[in-house]
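This report introduces a structure to a reader who meets it here for the first time. Please look over the sequence and the model before reading on.

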Amino acid sequence: MTKRGLLWRRLPLRTRVIGAFTLGAAVAALVLVVITYGLSRQSMLQQREESSQRQFFANARQVQSSLRAEDPDLTQLLESLPSLSGSRSIVRTGDEIWTSLSLTPSDLPVPLITSVLESSEARTMRYRLDNEPVFAFGLQLQPSAASTFNEVAYFEVVPLAEVENTLESLALILLVGGVLTVLVGVGIGLWASGGLLRPLTDISDAARSIARGRFDTRLEEVSDPDLDALVGSFNEMAAAMENRITRDARFSSDVSHELRSPLMTLRASIDVMQHRREELSDRTQQALDLLNDEVIRFENLVQDLLDLSRSDSGPMENDLVNIEELVKATLTSADGDIALEVAATAEGALVMGDKRRLAQVLDNLLRNAEKYGDGATQVTIISTGSAIEIAVEDDGPGVAPSERQLIFERFTRGAAARKRGAGDGAGLGLALVDEHARRHGGNARVEGREGRTGARFIVSLPKAGHR
Amino acid sequence: MSIRILTIEDDERIRTAVRFALEDEGWSVLEAETGEQALEGFNSMAPDLVLVDIGLPGIDGFEVCRELRRGSDVPIIMVTARDDTHDVVAGLEAGADDYVTKPIAPKELSARIRALLRRVKPEDATAAPRTVGDLEIIPDEGVVRKNGEEIHLTKTEFHLLCELSDQLGKVLSREHLLEEVWGYDYFGDGRLVDVHVRRLRTKVEPDPAHPRHVVTVRGMGYKLQA
């Protein structure tokens with residue numbers, strides 16, 4: 001690969017297509033212009049030469065015949081000869097010269113005179129006279145025996161300015177035509193590259209849509225056999241991926257459902273036993289409490305798993321949710337002593353979404369703060385233009401910057417969390433927060449607090465109409 | 001006579017555990033293992049409330065709901081292991097009054113049962129008879145007449161209509177209706193209201209597709225108008 005080739009390949013595809021079309025049009029235009037001009041010039045000059053020559057011979061015959069007279073008035077004859085587009089004549093004998101107007105003997109090129117005098121044939125020559133292109137014709141004449149003249153020759157000079165002018169106009173027209181052709185080439189290049197890149201744009205749009213979670217996105221069938229293969233394989237890939245995702249989601253959903261029935265028996269049986277607590281010995285009561293705690297943990301785990309599998313696939317309820325009301329209701333049912341601060345701009349702000357999932361987001365953040373951060377201290381709602389942000393703060397050990405992304409992954413817990421809540425929690429709560437926020441077109445993040453320990457978890461949700 | 005609750009559930013362990021829990025509340029519990037059994041014995045058992053599991057062998061819970069609704073307005077709570085939209089809405093469309101999701105804590109289940117049973121008693125239906133367009137509502141008697149002809153509503157539908165007619169022309173939010181009719185707090189499922197409104201419309205509206213009486217106010221709730 002040459003260096004030039006590399007450079008060409010490095011240019012964007014669109015530029016290359018347009019470049020190729022422009023170059024092609026330019027070469028075509030150039031070839032066309034050169035050939036057209038060359039041929040026209042040649043044929044016009046030839047035509048002019050032939051017609052001038054015919055006139056020249058006719059004139060020459062007239063001069064020839066006048067030479068038979070005793071004392072021909074050659075000056076008058078030359079003036080009376082028909083002139084083709086300003087042609088001028090000259091008669092030259094050994095020592096005398098007759099000319100028509102505005103022509104001097106020195107205006108004839110010496111090589112022409114010499115070659116005419118050496119031959120009996122007519123001679124032609126093209127040269128520039130007073131900076132004007134001209135044709136000059138010359139022919140040796142045969143004076144009559146009675147004539148005193150010897151070495152008589154007749155010359156005619158025909159200006160070519162008219163032909164030159166025509167050729168100049170032609171050149172100008174061809175130049176304009178050439179430029180137009182190149183422009184049309186650029187235009188076709190633009191159009192063709194647009195057409196060529198359309199499928200690529202479609203594919204990148206489809207890929208982006210899939211990345212956003214619309215797994216049923218497919219490309220439209222096309223009739224072009226080249227593109228059809230690409231579209232086919234893209235759609236196959238999308239279908240395979242959708243299939244896999246659905247299967248995975250269904251699997252975890254099925255597993256969770258199977259777990260729910262035995263849990264129901266466990267839950268009801270434990271409650272029946274709790275109802276009869278006083279009939280049990282101390283030791284049995286303690287065992288019952290252990291059992292109860294574990295069943296609660298199990299229930300939460302199954303619920304979280306189920307919610308996660310649903311957030312992968314299931315449809316979402318879409319309602320206008322008043323965030324302030326939602327947060328207040330969630331805080332009330334969490335019955336902690338948590339301060340709520342609502343920015344004036346966030347009052348009454350609405351989010352399009354699923355009320356219970358949004359409540360679960362906040363609930364999980366509160367639970368997270370409870371488990372690993374000594375409990376939430378403050379909940380704040382602020383508005384940032386197109387989004388509404390709910391922040392939950394705690395006074396716990398905080399989250400190390402290196403773990404701030406990681407803790408939103410499934411089954412992941414931060415170092416501090418592992419130390420504190422040993423054995424408790426599966427690391428799904430924050431993953432659910434993140435997934436639910438995403439499903440609502442928002443996101444979740446955690447940051448430190450200025451000048452003090454603790455963490456601030458923030459969920460950002462687009463306001464209704466801003467999604 | 002104590003309140004009788006029929007549980008239709010194929011899993012014997014769940015059935016037994018639930019029976020223990022409900023009996024602790026002082027209710028008597030009748031059991032059916034399949035939908036066929038329940039429908040067969042329904043008239044002789046005459047329960048005050050039915051708990052029906054969706055995933056039954058043979059005819060499923062939805063079908064049981066539909067069959068029961070043919071001849072009875074007994075309150076039905078459906079018990080489902082799936083709370084995705086499809087199952088919940090299908091169950092409510094089939095005629096269930098409310099739904100709970102496994103694993104439900106007995107305390108919550110009892111609260112739901114109590115909310116439905118309380119509504120069934122006419123104690124809060126003391127308001128005066130009212131007329132809304134071609135509808136005549138008599139809360140004391142639990143009767144609704146359309147153009148003078150009595151129409152049959154379930155207890156929940158009737159309660160919903162009374163609640164809407166209490167504040168005629170005013171928009172009531174789904175949260176408000178969930179609290180008043182079903183006894184839920186803020187986090188009740190709005191789909192309960194939507195499906196019941198839909199069912200109510202098929203009975204009281206001249207053209208259910210273009211409701212005149214029970215009107216949806218987008219993003220806010222529902223209102224009743226003449």
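In this predicted model, a convenient place to begin is a single pair of residues in chain B, where Ile137(B) has Val144(B) as its bridge partner in strand E8(B). That bridge belongs to a wider pairing, in which strand E7 (residues 135-138) of chain B and strand E8 (residues 143-146) of chain B run in the antiparallel sense over 4 bridges.

The two strands are part of an open sheet of 4 strands in chain B, whose order is E6-E7-E8-E9 and whose pairing is antiparallel. At the edges of this sheet stand strand E6 (130-132) and strand E9 (149-151) of chain B, each of which pairs on one side only. From one strand to the next, the twist of the sheet averages 30°. A helix accompanies the sheet, for helix H6 (residues 155-166) of chain B lies across E6, E7 and E8 of chain B and runs at about 100° to E7(B).

Chain A offers a pair of helices for comparison with the sheet. Helix H2 (residues 13-66) of chain A and helix H5 (residues 161-211) of chain A have axes that come within 8 Å and cross at roughly 160°. Because angles over 145 degrees count as roughly antiparallel, H2(A) is described as roughly antiparallel to H5(A). The crossing of H2(A) and H5(A) is right-handed.

Helix H2 of chain A is also where Gln53(A) is found. Is Gln53(A) buried or exposed? With 16 other C-beta atoms within 10 Å, Gln53(A) is partly exposed, because a residue is called buried at 20 or more such atoms and exposed at 12 or fewer. Its C-alpha atom is separated by 9.2 Å from that of Glu156(A), although Gln53(A) and Glu156(A) are 103 residues apart along the chain.

The two chains also meet, with 22 residues of chain B in contact with 21 residues of chain A. On the side of chain B that touches chain A, helix H1 (12-24) and helix H5 (106-120) of chain B each supply at least two residues, and H1(B) gives the most, with 7 residues.

The table sets out the residue classes for the helix contact in chain A and for the side of chain B that touches chain A.

| Group of residues | Nonpolar | Polar | Charged |
|---|---|---|---|
| Contact of H2(A) with H5(A) | 27 residues | 10 residues | 3 residues |
| Side of chain B that touches chain A | 12 residues | 3 residues | 7 residues |

Notes. Residues are numbered from 1 along each chain as its sequence is written. Chains are lettered from A and ligands numbered from 1 in the order in which they are written. This is a predicted model: local features need pLDDT of at least 70, side-chain atom pairs count only at pLDDT 80 or more; totals for chains, interfaces and linings use all residues. Axes are lines fitted to C-alpha atoms, for helices over the stretch in contact, and angles run from 0 to 180 degrees between N-to-C directions. Angles under 35 degrees count as roughly parallel, over 145 as roughly antiparallel, 65 to 115 as roughly perpendicular and the rest as oblique. A crossing is left-handed if the near helix is turned anticlockwise from the far one by less than a right angle, and right-handed if clockwise. Ala, Val, Leu, Ile, Met, Phe, Trp, Tyr, Cys and Pro count as nonpolar, Asp, Glu, Lys and Arg as charged, and the others, Gly among them, as polar. Two strands pair if DSSP finds at least two bridges between them. Two residues are in contact if their C-beta atoms, placed from the backbone, lie within 7 Å.
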